[in-house]
Amino acid sequence: MTTQHTQVAIIGAGFTGLAAAYELVKAGVSVTIIEAEANIGGLAAAFDIGDKAEKLDRFYHHWFTNDLEVMQLITELNLCDKVKVNPSNTGMYYANQFFKLSTPWDLLKFKPLAFPDRIRLGLLALKARKVENWQELENKTAAEWLTELGGANVYRIVWEPLLRGKFGAVAEQISAVWFWNKLKLRGGSRGKSGEERLAYFKGGFVALVDALAAKVKRLGGEIQTSNPVLSIQPEGNSWRIKTAGGDILADRVISTPALPLLAQMIEDWASPEYLAKLNRINYLANVCLVLELDHSLSDTYWLNVNDPSFPFVGVIEHTNFQSIKNYDGKHIVYLSKYLPHTDALYLMSDDELLAFALPHLKRMFPKFEDAWIKKHHVWHARWAQPVVEKHYSQLIPACESPKRGLFLASMAQIYPEDRGTNYAIREGRRMGRHLSDLIQP
């Protein structure tokens with residue numbers, strides 16, 4: 001079998017890999033992207049729900065109005081007409097009641113908190129946005145910091161259920177830096193009346209993925225799908241990437257998958273110390289149940305669930321953010337759960353997960369009937385969320401490996417920000433420019 005040669009091989013065709021390739025091919029560098037899955041996009045991949053419907057994201061997506069990297073890319077691709085910005089219409093389910101929490105005025109009417117605590121909750125977000133040196137928060141957990149800022153009652157009613165719903169057994173380990181960034185990001189994406197505003201790309205995020213991939217191909221880049229990488233091995237001043245479809249020889253390599261996956265690819269030659277660093281960061285998996293309904297559950301887009309007996313972190317009714325006309329008249333609901341990949345819930349079949357979820361949905365929405373469900377889909381992501389612990393900056397490996405020519409650009413390294421499309425694009429483009437500078441004479 002003939003060995004293919006390329007200047008840069010990129011492992012993974014998610015937003016990071018595609019953005020890196022975009023920068024490289026613009027500079028005239030030959031690039032080959034190698035993707036294990038049949039579809040590109042990574043966590044932004046999508047699926048078909050009908051001939052007349054737009055593709056639907058496997059996992060729910062949106063971005064904030066202050067996510068400038070994704071907007072800059074969309075502008076460069078001349079796709080600004082595909083962007084739609086809407087108020088987010090968020091709420092909370094607590095003590096068997098629904099509360100609207102879209103604006104500061106909603107917060108002042110949040111009865112589960114005494115009025116002084118409502119003020120503390122509102123001031124907490126303002127205090128968080130004023131933090132300039134995030135390094136000062138690295139030695140605190142989110143629980144410690146949030147309690148300091150808002151008091152014990154605010155933490156117990158508002159933040160603790162959300163932390164536990166998101167991170168489960170490792171909730172107490174989460175760094176204050178992780179939560180600070182969430183508050184900063186959401187606080188900077190508001191309209192004149194204080195309402196949170198979110199953006200979406202017409203056709204789903206996969207439409208942006210496809211447009212970026214098409215641009216990379218037009219500029220000479222190659223994208224190989226259904227081609228898992230088996231190993232990455234140094235060979236002289238080059239790298240031999242062994243894949244299911246044959247060998248690729250590259251001058252440089254950018255790895256974008258989860259760090260433990262890279263460790264598996266280089267375990268034949270990398271030092272035990274470096275492999276241990278790649279394997280040190282803990283990741284949670286995600287299982288996402290997507291429902292196609294002929295009835296709406298509520299008028300809320302993003303419903304945070306502050307009820308520890310409800311097994312999902314939230315109820316996201318996508319069609320309260322985007323029109324049901326885009327989805328053949330169906331109401332689209334996501335039920336998402338972050339959990340260890342060994343958890344029984346993660347290992348359930350599609351029908352088992354639906355059967356598990358139904359009693360909880362009926363408790364929350366008493367009018368809900370099984371007949372409302374027209375189709376259901378279940379998606380799994382093994383490496384969905386890095387666990388951002390205290391002193392996380394000391395845990396993440398550098399973007400350049402100890403071996404010359406192998407570079408890392410994974411979502412575990414997007415810090416102090418958390419994973420997300422905007423930062424995947426930012427880090428991919430940054431890495432692409434860096435390698436372009438190294439390669440160009």
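**Exercise 1. Find the partners of strand β9.**

*Task:* Start from W63, which stands opposite A199 in β9, and work out which strands pair with β9 and in which sense.

*Solution:*

Before we dig in, a quick note: this is a predicted model, where local features need pLDDT of at least 70, side-chain atom pairs count only at pLDDT 80 or more, and totals for chains, interfaces and linings use all residues. Residues are numbered from 1 along each chain as its sequence is written, and side-chain values use heavy atoms, with hydrogens and water left out.

Step 1. Locate β9: this strand covers residues 197-201. Strands here are DSSP runs (E, at least two residues), and helices are runs of H or I with at least four residues, numbered from the N terminus.

Step 2. Look at β5, residues 63-64: 2 bridges join this strand to β9, and the two run antiparallel. Strands count as paired if DSSP finds at least two bridges between them.

Step 3. Now try β6, residues 83-87, which pairs with β9 over 5 bridges, again in the antiparallel sense. Here P87 has R197 of β9 as its bridge partner.

Step 4. Check how covered β9 is: 4 of its 5 residues are buried. Buried means under 20% relative accessible area, exposed means over 50%, and partly exposed is in between (1.4 Å probe, protein chains only).

**Exercise 2. Describe the loop between β7 and β8.**

*Task:* Which residues of this loop have a positive phi although they are not glycines, and are they exposed or partly exposed?

*Solution:*

Step 1. Find the loop: A95 sits between β7 (90-94) and β8 (97-100), and N96 lies in this loop too.

Step 2. Read phi: about 50° for A95 and about 65° for N96. Neither A95 nor N96 is a glycine.

Step 3. Classify them: A95 is partly exposed because its relative accessibility is 47%, while N96, at 57%, counts as exposed.

**Exercise 3. Inspect a nonpolar patch.**

*Task:* Which residues make the nonpolar surface patch, and how does L126 fit in?

*Solution:*

Step 1. List the members: F115, I119, L123 and L126 make a patch of about 350 Å². Patch residues have over 30% relative accessible area and no salt bridge, and nonpolar side chains are joined within 5 Å.

Step 2. Place L126: you'll find this residue in helix α4, residues 115-129. L126 has 44% relative accessibility, so it counts as partly exposed.

Notes:
Patch = residues over 30% accessible without salt bridge, like charges linked within 9 Å, V, L, I, M, F, W, Y side chains within 5 Å. Areas by Shrake-Rupley, 256 points an atom, 1.4 Å probe, with all protein chains shown as cover. Salt bridge = Lys/Arg side-chain N within 4 Å of Asp/Glu carboxyl O.
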